[in-house]
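Let's take a walk through a protein that comes together with DNA. Have a look at the structure first, and then we'll go through it piece by piece.

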Protein chains: 2
Amino acid sequence: MPAAVSELTDHLGYWLRIVSNHVSYAFARRLSDKDVTVAEWAMMRMLFGRGPVAPSELAMKMGLTRGAVTKLADRLIGKGLAAREEGQKDRRTQTLRLTARAEALVPELAAAADQNDLEWFGSLPDGERRALERILKTMAARLALTSIPVD
Amino acid sequence: MPAAVSELTDHLGYWLRIVSNHVSYAFARRLSDKDVTVAEWAMMRMLFGRGPVAPSELAMKMGLTRGAVTKLADRLIGKGLAAREEGQKDRRTQTLRLTARAEALVPELAAAADQNDLEWFGSLPDGERRALERILKTMAARLALTSIPVD
DNA sequence: TATTGTTATACTCTATAACTATA
DNA sequence: TATAGTTATAGAGTATAACAATA
């Protein structure tokens, strides 16, 4: 007896994607008030409160290729939110840092992220929210091992 | 006393996005063996085992604009996986259907989706998997109401 | 006028690969 | 040769807006 052809909704991956997309989209709309994208926020938060950081470090920590980091950094620089500087010792290296304006903006963006989380997860019963957090973090830990090395 | 600036990892939305992206990416890699993308799979599954379907119906059910449906359909047609036909009564309407090759392919893609789900969620304890499913479906139901109407 | 679908355009996100400068 | 970063190119995914045909 042949198994039935499974439907989209038969997969947890489907529900995960649907919910994640909506939550991220809602967050993107909040950020767009400040003319910042989700990827830009992520990079800005990585740079916040730190000195100059090498693009290669960002690539590693954000799971992006170096090319992607360059492009994202270009956009931040174009918006006056980041600056590029030459490395001192090794002249191949560059560093990225936030501008003063960006340093002032990050707390607002963080507040937007807090609000978004509250909007989407705030009404979950405490037990469920904790369960969700535990499951996601467990899975994230596992996929950090499995993950295909970028670049 | 000012609240600390929250970090990326302080948000459930962050973990949701990380995990969802990895699961979807892994699925995309499976599908790419068959030269199909995740969005194409979703549309194919919507069309599978059905007669001709109007693009507008697909747009509604998939949460896409009509323009996005046209573009996705164009790609399926280009790959020989779907066909476009004129509507009968109302001559403004078009319909989409799968080709025979696509009908034969969908069960393979469904099996790939099953495998992917098994790989990523199969090792969760039963209770956790059920909890995750329940939480995601509850959230999905809620956002179906909240969701910004497309188009 | 309203509706169905397509087309044109644009932008984000991401990758791969070639290239430059330096080590 | 190897490494850090940039540049060039490409493609998925999605949107908005203008348009054509039809109702």
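## Meeting the DNA

Start with B:Arg66: an N or O atom in its side chain sits 2.3 Å from a base nitrogen of DNA strand C. Keep in mind that this is a predicted model. Another arginine of chain B, B:Arg92, also reaches a base with its side chain, this time with an N or O atom 2.8 Å from a base oxygen of DNA strand C. Over on chain A, A:Arg91 uses a polar backbone atom instead, and that atom is 2.9 Å from a phosphate oxygen of the strand.

Which parts of the fold supply the surface near DNA strand C? Elements that give two or more residues are helix H2 (38-47) and helix H4 (66-78) from chain A, along with helix H3 (55-62) and helix H4 (66-78) from chain B. The top contributor is H4(B), with four residues. In all, 24 residues lie around DNA strand C, and the ones that come nearest are A:Lys71, A:Arg75, B:Arg66, B:Thr70 and B:Arg84. Sorted by class, this surface has ten charged, seven polar and seven nonpolar residues. On the DNA side, 57% of the strand C atoms within 4 Å of the protein are from sugar or phosphate, and the rest are from bases.

Now for DNA strand D. It has 24 residues around it, with A:Ser56, A:Arg66, A:Thr70, A:Arg84 and B:Lys71 coming nearest. Here are some of the atom pairs on this strand:

| Protein atom | Atom of DNA strand D | Distance |
|---|---|---|
| A:Lys71, polar side-chain atom | base nitrogen | 3.4 Å |
| A:Arg84, polar side-chain atom | phosphate oxygen | 2.6 Å |
| A:Gln94, backbone N or O atom | phosphate oxygen | 3.1 Å |

Two or more residues of the surface near DNA strand D come from each of these: helix H3 (55-62) and H4 of chain A, and helix H2 (38-47) and H4 of chain B. H4(A) provides the largest share, four residues. By class, you'll find seven nonpolar, seven polar and ten charged residues on this surface. Of the strand D atoms within 4 Å of the protein, 57% belong to sugar or phosphate, with bases making up the rest.

## Where the two chains meet

How many residues does each chain put into the contact? Chain A gives 51 residues and chain B gives 51 residues. Together the chains bury about 5000 Å², and 74% of that is on carbon and sulfur atoms. In chain A, the residues that lose the most area to chain B are A:Leu8, A:Leu12 and A:Leu16, which together account for 13% of what that side buries.

There are polar links too. Between chain A and chain B, 18 residue pairs are in polar contact. The interface also has two salt bridges, and a salt bridge joins the side chains of A:Glu128 and B:Arg134, at 2.2 Å from N to O. On chain A's side, the elements giving two or more residues are helix H1 (12-32), H2, helix H5 (100-121) and helix H6 (126-146). That side has 28 nonpolar, nine polar and 14 charged residues.

## How the copies are arranged

Turn chain A by 180 degrees, with 0.0 Å of shift along the axis, and it superposes on chain B with an RMSD of 0.1 Å. The two copies are therefore related as by a two-fold rotation axis. And because 100% of the interface residues of chain A are also interface residues in chain B, the copies meet through the same surface.

Notes
Residues are numbered from 1 along each chain as its sequence is written. Chains are lettered from A and ligands numbered from 1 in the order in which they are written. This is a predicted model: local features need pLDDT of at least 70, side-chain atom pairs count only at pLDDT 80 or more; totals for chains, interfaces and linings use all residues. Side-chain values use heavy atoms; hydrogens and water are left out. A residue is near a molecule or strand if one of its heavy atoms lies within 4 Å of it. A polar contact is a pair of N or O atoms within 3.5 Å; within protein, one must be able to donate a hydrogen and the other to accept it, and residues adjacent in sequence count only if both atoms are side-chain atoms. Ala, Val, Leu, Ile, Met, Phe, Trp, Tyr, Cys and Pro count as nonpolar, Asp, Glu, Lys and Arg as charged, and the others, Gly among them, as polar. Contact means heavy atoms within 4.5 Å. Buried area is the accessible area (1.4 Å probe) that two parts lose on being put together, summed over both. A salt bridge is a side-chain nitrogen of Lys or Arg within 4 Å of a carboxyl oxygen of Asp or Glu. Copies are superposed by least squares on the C-alpha atoms of residues with pLDDT of at least 70 in both.
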